2 protein chains.
Amino acid sequence: MKILVIGAAGMIGRKLVGALVRRGHVGQQDIDGMTLVDIVTPEAPAGFPSARTIAADLSAPGTAETLLADRPDVIFHLAAIVSGEAEADFDKGYRINLDGTRFLLEAIRQAGQGGAYRPRLVFTSSIAVFGEPLPAEIPDEQALTPLTSYGTQKAIGELLLADYSRRGFVDGIGIRLPTIAIRPGKPNKAASGFFSGIIREPLAGMEAVLPVSEDVRHWFASPRAAVNFLLHAAEMDSAPLGQRRSLTMPGLAATVGEEIAALRRVAGEQAVALIRHEPDAVIAGIVAGWPQAFSAKRALALGFAAEKSFDEIIRAHIEDEMGGRLG
Amino acid sequence: MKILVIGAAGMIGRKLVGALVRRGHVGQQDIDGMTLVDIVTPEAPAGFPSARTIAADLSAPGTAETLLADRPDVIFHLAAIVSGEAEADFDKGYRINLDGTRFLLEAIRQAGQGGAYRPRLVFTSSIAVFGEPLPAEIPDEQALTPLTSYGTQKAIGELLLADYSRRGFVDGIGIRLPTIAIRPGKPNKAASGFFSGIIREPLAGMEAVLPVSEDVRHWFASPRAAVNFLLHAAEMDSAPLGQRRSLTMPGLAATVGEEIAALRRVAGEQAVALIRHEPDAVIAGIVAGWPQAFSAKRALALGFAAEKSFDEIIRAHIEDEMGGRLG
């Protein structure tokens with residue numbers, strides 16, 4: 001079978017490609033072709049030298065058609081302008097996140113005309129489709145009320161995915177990712193960065209800044225869990241989804257205090273001592289409007305699974321990013 | 001003030017224009033300019049001979065910019081390809097209902113660059129944004145799960161309206177209209193047509209076909225109530241909406257049996273005798289998935305009002321369409 005990964009150079013995209021190469025199959029079918037696309041040329045994966053790697057802009061006319069030339073059986077669409085950039089550059093956000101997704105769906109529909117082409121499309125959405133006021137535990141039936149252009153674009157992507165699936169043009173599944181923690185790599189400017197930073201930096205013996213109070217509660221899954229969501233979405237029977245094609249993924253609701261307690265259990269008091277409390281009213285204000293917990297009943301019933309404690313999330317980071325050993 | 005009505009030749013559009021001319025003002029401001037647009041040239045309203053009437057396709061590049069030339073203070077966007085046609089012609093539905101709405105929002109944004117132009121935009125959405133499974137009474141927080149391309153396009157319009165409003169480009173209000181009953185005019189092929197037909201035809205001494213059972217329950221408001229929703233949306237303070245810019249309008253939950261009982265009270269047994277029961281499994285199947293009732297708490301709290309009995313709906317029809325007298 002043939003796989004297309006759009007957004008293959010990003011953090012989740014790279015991990016997904018690595019997992020696909022290690023497994024060698026999706027469902028019962030061996031992977032015999034792989035096309036990896038991003039705005040910069042993705043790395044060709046070791047162990048799968050025949051992968052096609054392409055630098056392309058999905059929002060440019062004709063790009064989507066080119067990517068479908070070999071009629072991939074499974075398409076992972078992970079490409080997006082992230083929240084902060086979509087807010088700063090209104091046109092770019094709509095062009096990539098809305099037009100790009102619509103061009104892809106439309107190219108799939110056109111490719112299917114007169115034939116039996118109807119690929120599985122796994123689309124990454126986000127809990128940014130929800131915005132306050134929200135209940136403490138958000139049910140699967142909650143209205144999408146995004147408070148960012150990024151969340152708006154993801155919510156529109158979900159609606160298009162459902163309609164194109166209902167009409168039989170594509171077999172789409174949208175997965176709303178929790179906040180991914182612990183993100184590997186360097187600290188970044190994202191408002192959510194500290195959720196990862198206060199664990200990642202101390203584990204590496206470095207200081208980290210905590211800009212909010214310890215009772216802030218949020219919804220997490222590890223990068224490893226995110227990759228497993230994507231693989232499960234590619235393999236599962238889509239019939240039980242009915243017409244509701246997007247699912248809030250399971251995750252772990254944890255407070256910053258619970259994060260820190262897990263860090264203490266895994267890495268001791270000397271790691272916790274590296275967290276510097278430096279309250280930032282702006283970040284605290286942004287984070288105050290974020291979802292705290294979801295029921296995720298549908299996704300759990302359909303076999304999606306995430307970590308059950310922050311200790312597990314930290315251990316996944318140590319195993320996957322630190323070679324299994326604390327610095 | 002200047003008013004722009006897009007979709008002015010439709011049933012609600014014509015009634016809205018008539019009401020605007022009779023009142024002569026919106027809020028505290030007199031109406032001194034009116035532009036009426038539809039895909040066919042709308043009639044110039046008696047009593048407002050200076051109205052500009054234009055035949056134009058909102059989905060054609062440049063149309064929206066032209067319509068904004070005199071910087072209307074209030075814009076009513078009622079234009080849409082209806083449900084059946086958007087289902088039959090996928091491209092046309094997306095072009096008019098999605099691209100048309102987006103072009104309008106984008107033209108408003110561009111017109112506002114560098115100035116203080118930020119008009120009130122009243123957008124008609126629909127309860128078709130909801131699809132089964134649904135609770136018996138649908139709350140304001142219910143997820144939008146359309147089961148038609150039309151409903152999908154309206155839901156996307158709501159999301160765009162909210163994001164463009166949040167960003168300060170427009171002062172938008174989306175109103176989700178109930179099923180309008182009693183629609184004046186001739187019977188049509190819409191699956192919902194019988195809800196109006198079983199009252200309208202008998203009131204005029206004609207036979208009507210009822211294709212579903214009397215326990216079918218649905219959500220209604222009169223054309224008069226719909227026009228009042230639009231006027232209230234144009235006049236109200238939008239601040240209490242916060243970031244949730246679309247509202248399910250109040251209406252009346254009534255079964256077909258309750259409709260018939262109201263007809264009996266208003267027009268007697270001889271009118272009811274004109275209803276011929278002719279079960280149609282296809283129509284019954286379509287209607288079975290439709291919403292039955294809404295709480296509409298937010299809209300009620302914001303001053304929107306609809307009929308409280310089907311007798312009222314019938315009387316509004318007799319007053320507005322039959323000169324106040326039964327045939």
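Start with two helices: where α1(A) and α7(A) cross, the crossing is right-handed. (Right-handed here means that the near helix is turned clockwise from the far one by less than a right angle; anticlockwise would be left-handed.) To find them, select residues 11-23 of chain A for helix α1 and residues 223-235 of chain A for helix α7. The two pack at an angle of about 65 degrees, and their axes are 9 Å apart. Those axes are lines fitted to C-alpha atoms over the stretch in contact, with angles between N-to-C directions running from 0 to 180 degrees.

Show the side chains next. From α1(A) you have M11(A), I12(A), K15(A), L16(A) and A19(A); from α7(A) come P223(A), A226(A), V227(A), L230(A) and L231(A). Contact means C-beta atoms, placed from the backbone, within 7 Å. Sorted by class, that gives nine nonpolar residues, no polar ones and one charged. (Nonpolar covers Ala, Val, Leu, Ile, Met, Phe, Trp, Tyr, Cys and Pro; charged covers Asp, Glu, Lys and Arg; the others, Gly among them, are polar.)

A word on what you have open: it is a predicted model, where local features need pLDDT of at least 70 and side-chain atom pairs count only at pLDDT 80 or more, while totals for chains, interfaces and linings use all residues. Residues are numbered from 1 along each chain as its sequence is written, and chains are lettered from A and ligands numbered from 1 in the order in which they are written.

**Zoom out to chain A**

Select the whole of chain A and you get 12 helices and 14 strands. (These are DSSP runs numbered from the N terminus: H or I over at least four residues for a helix, E over at least two for a strand.) Its C-alpha atoms fill a box of roughly 65 × 45 × 40 Å along the principal axes. The radius of gyration is 20 Å, in agreement with the value near 20 Å for a compact globule of 327 residues. (That is taken over C-alpha atoms, and the globule rule is 2.2 Å times the number of residues to the power 0.38.)

Of those 327 residues, 47% count as buried. (Buried means 20 or more other C-beta atoms within 10 Å of the residue's own, exposed means 12 or fewer, and partly exposed is in between; C-beta atoms are placed from the backbone.) Among contacts between residues at least 6 apart in sequence, 78% join residues at least 24 apart.

**Turn to M249(A)**

Pick M249(A), in the loop between β12 (246-248) and β13 (252-255) of chain A. Is M249(A) buried or exposed? It is buried, with 28 other C-beta atoms within 10 Å. Beyond its neighbours within four places in sequence, its contacts include I175(A), R176(A), L177(A), P178(A), F229(A) and A296(A).

Follow that last contact. A296(A) sits in the loop between α10 (281-288) and α11 (297-301) of chain A, and is buried, with 22 C-beta neighbours inside 10 Å. Check its backbone: phi is near 50 degrees, a positive value in a residue other than glycine. Most residues other than glycine have a negative phi, and most peptide bonds are trans. In chain B, A296(B) has a positive phi of about 55 degrees.

**Two cis peptide bonds**

Go to E132(A) and P133(A), which are joined by a cis peptide bond with omega about -5 degrees. P133(A) is in the loop between β7 (120-126) and α5 (149-166) of chain A. Then select A181(A) and I182(A): the bond from one to the other is cis too, with omega near 5 degrees. I182(A) belongs to the loop between β9 (179-180) and α6 (193-203) of chain A.

**Over to chain B**

Highlight residues 193-203 of chain B, helix α6. Nine of its 11 residues are buried, so the helix is largely enclosed by the rest of the structure. Among them are F194(B), F195(B), I198(B), I199(B) and R200(B). Just after α6(B) comes G205(B), with a positive phi near 80 degrees.

**Where the chains meet**

Show both chains: 17 residues of chain B contact 17 residues of chain A. On the chain B side, helix α5 (residues 149-166) supplies the largest share, six residues. That side has seven nonpolar, six polar and four charged residues.

How are the copies related? A rotation of 180 degrees, with 0.0 Å of shift along its axis, superposes chain B on chain A with an RMSD of 0.0 Å. That is the relation of a two-fold axis. (The fit is by least squares on C-alpha atoms of residues with pLDDT of at least 70 in both copies.) The same surface serves both copies, as 100% of the contact residues of chain B recur in chain A. Finish on A143(B), which comes closest to the rotation axis of the residues of chain B, at 1.7 Å for its C-alpha.

How values were computed. Two residues are in contact if their C-beta atoms, placed from the backbone, lie within 7 Å.
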